[in-house]
Amino acid sequence: MISLGRQRSNRRYFWNLEVLNDDQIIDYFHLPGGLCVMLCKFTVDEDGTGCMCTSYEVYCQQPKNDRPYQRNAAAFCATRSVQHYGPTGRLAVLRTSSIDQRVREFIMESNLDERGCITRFGFWIGLSDQAEEGEYTWSDGEGFCGTDYRNWAAGEPNNNDRRSKTTGQDCVQLWFRFGHNGLWDDEYCDFRQKGFICQIPDPKCHSKV
Ligand SMILES: [Ca+2]
Ligand SMILES: [Ca+2]
């Protein structure tokens, strides 16, 4: 199980996301150590205001002994919550191009890719086909339908089974190797330690959680 050590908490980067419309970025601005993206969405309504925020947190590479890697990252996200607010986090659901792009741009603008945060080429997100090969579902339980947004790197997902004949690759990363700039790639769930991205419900758009 992941321990939240001092080193990790010092290497967390965060920003908030307020939503009005899934694809409309209203504004964004830099915070110390992070980026706040202001989006709006009419469908989420916690208290009658019509808006709700989600905080996204980028974590640097897991320790080598933090196994199983993807499952421990997901378990760690599930421990994250806004103070005095109940719902806990999960590995990030990047369901729209606007959110996916802002996450990837934030990582690159902040040098959080292999230049500063990871050496194992990627960040876990909340997408996998562990339950059924080829059937990808997000960490909130929703699968893909029709033309739903996807952002796979060329040739991915390939379920490469070179290192695991039994499972192949079932856990998705934002891939920063070979200039892929965070395009999606299916990866072995427990072969390489990764960075990871959590999302946390935040009703008031806190700048820190
Ligand atoms: Ca697979
Ligand atoms: Ca792959």
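This report walks through a predicted model, from its overall layout to its core, its central strands and a few backbone oddities.

## Overall layout

The protein has three helices and ten strands. Reading from the N terminus, the order is α-β-β-β-β-α-β-α-β-β-β-β-β. There are 209 residues in the protein, and buried ones make up 39% of them.

As for how the chain folds back on itself, take the contacts between residues at least 6 apart in sequence: 66% of these join residues at least 24 apart.

## The nonpolar core

The largest nonpolar core has 35 residues, and Leu91, Ile125 and Ile197 are the ones that touch the most other members. Several elements chip in with two or more residues: β4 (52-59), α2 (69-77), α3, β6 (122-128), β8 (171-175) and β10 (195-202). The largest share comes from α2, which supplies five residues. As a general backdrop, nonpolar side chains in soluble globular proteins tend to be buried together.

Ile125 is a handy place to look from. Setting aside neighbours within four places in sequence, Ile125 is in contact with Leu91, Ala92, Leu94, Val172, Gln173, Leu174 and Ile197. Two of the names on that list, Leu91 and Ile197, also turn up with Ile125 as the members touching the most others in the core.

## Two helices, α2 and α3

Helix α2 is mostly covered, with seven of its nine residues buried. Those buried residues are Tyr69, Gln70, Asn72, Ala73, Ala74, Phe76 and Cys77. Polar residues are on that list too, including Gln70 and Asn72.

Helix α3 covers residues 97-109, which makes 13 residues. From first C-alpha to last it reaches 17 Å, close to the 18 Å expected at 1.5 Å a residue. Its buried residues are Ile99, Asp100, Arg102, Val103, Arg104, Phe106 and Ile107. In that spacing, Ile99, Val103 and Ile107 are worth picking out by eye. An α-helix has 3.6 residues a turn, so residues three or four places apart point the same way. After α3 comes Asn111, with a positive phi near 55°.

## β6 and its partners

Strand β6 is mostly covered: seven of its seven residues are buried. That goes for both faces, with Gly122, Trp124, Gly126 and Ser128 on one side and Phe123, Ile125 and Leu127 on the other.

What does β6 pair with? On β8, the match is antiparallel and four bridges join the two strands. Trp124 has Gln173 of β8 as its bridge partner, while Ser128 sits opposite Cys171 in β8. β6 also pairs with β7 (residues 137-138), again in the antiparallel sense, over two bridges. There, Leu127 stands opposite Trp138.

## β8 and β9

Strand β8 is mostly covered as well, with five of its five residues buried. Cys171, Gln173 and Trp175 point one way, Val172 and Leu174 point the other way, and all are buried. Val172, Gln173 and Leu174 are also among the contacts of Ile125.

Besides its bridges to β6, β8 pairs with β9 in the antiparallel sense over five bridges. In that pairing, Leu174 faces Trp184 of β9.

## Backbone oddities

Where are the cis peptide bonds to Pro68 and Pro157? One joins Arg67 and Pro68, with omega about -5°, and Pro68 is in the loop between β4 and α2. The other runs from Glu156 to Pro157, with omega near -5°, and Pro157 is in the loop between β7 and β8.

Some positive phi values in residues other than glycine deserve a glance too. Asn159 has phi near 50° and is found in the loop between β7 and β8. Asn181 has phi near 55° and lies in the loop between β8 and β9 (183-187). Buried, exposed or partly exposed: which is Asn159? Asn159 counts as partly exposed because it has 14 other C-beta atoms within 10 Å, a count between the 12 or fewer of an exposed residue and the 20 or more of a buried one. Asn181 is partly exposed too, with 14 other C-beta atoms within 10 Å.

Note on methods
Residues numbered from 1 in each chain as written. Chains lettered and ligands numbered in written order. Predicted model: local features only at pLDDT ≥ 70, side-chain atom pairs only at ≥ 80, totals over all residues. Expected span 1.5 Å × (residues − 1). Core = buried A, V, L, I, M, F, W, Y, C linked by C-beta atoms within 7 Å. Contact = placed C-beta atoms within 7 Å. Pairing = 2+ DSSP bridges.
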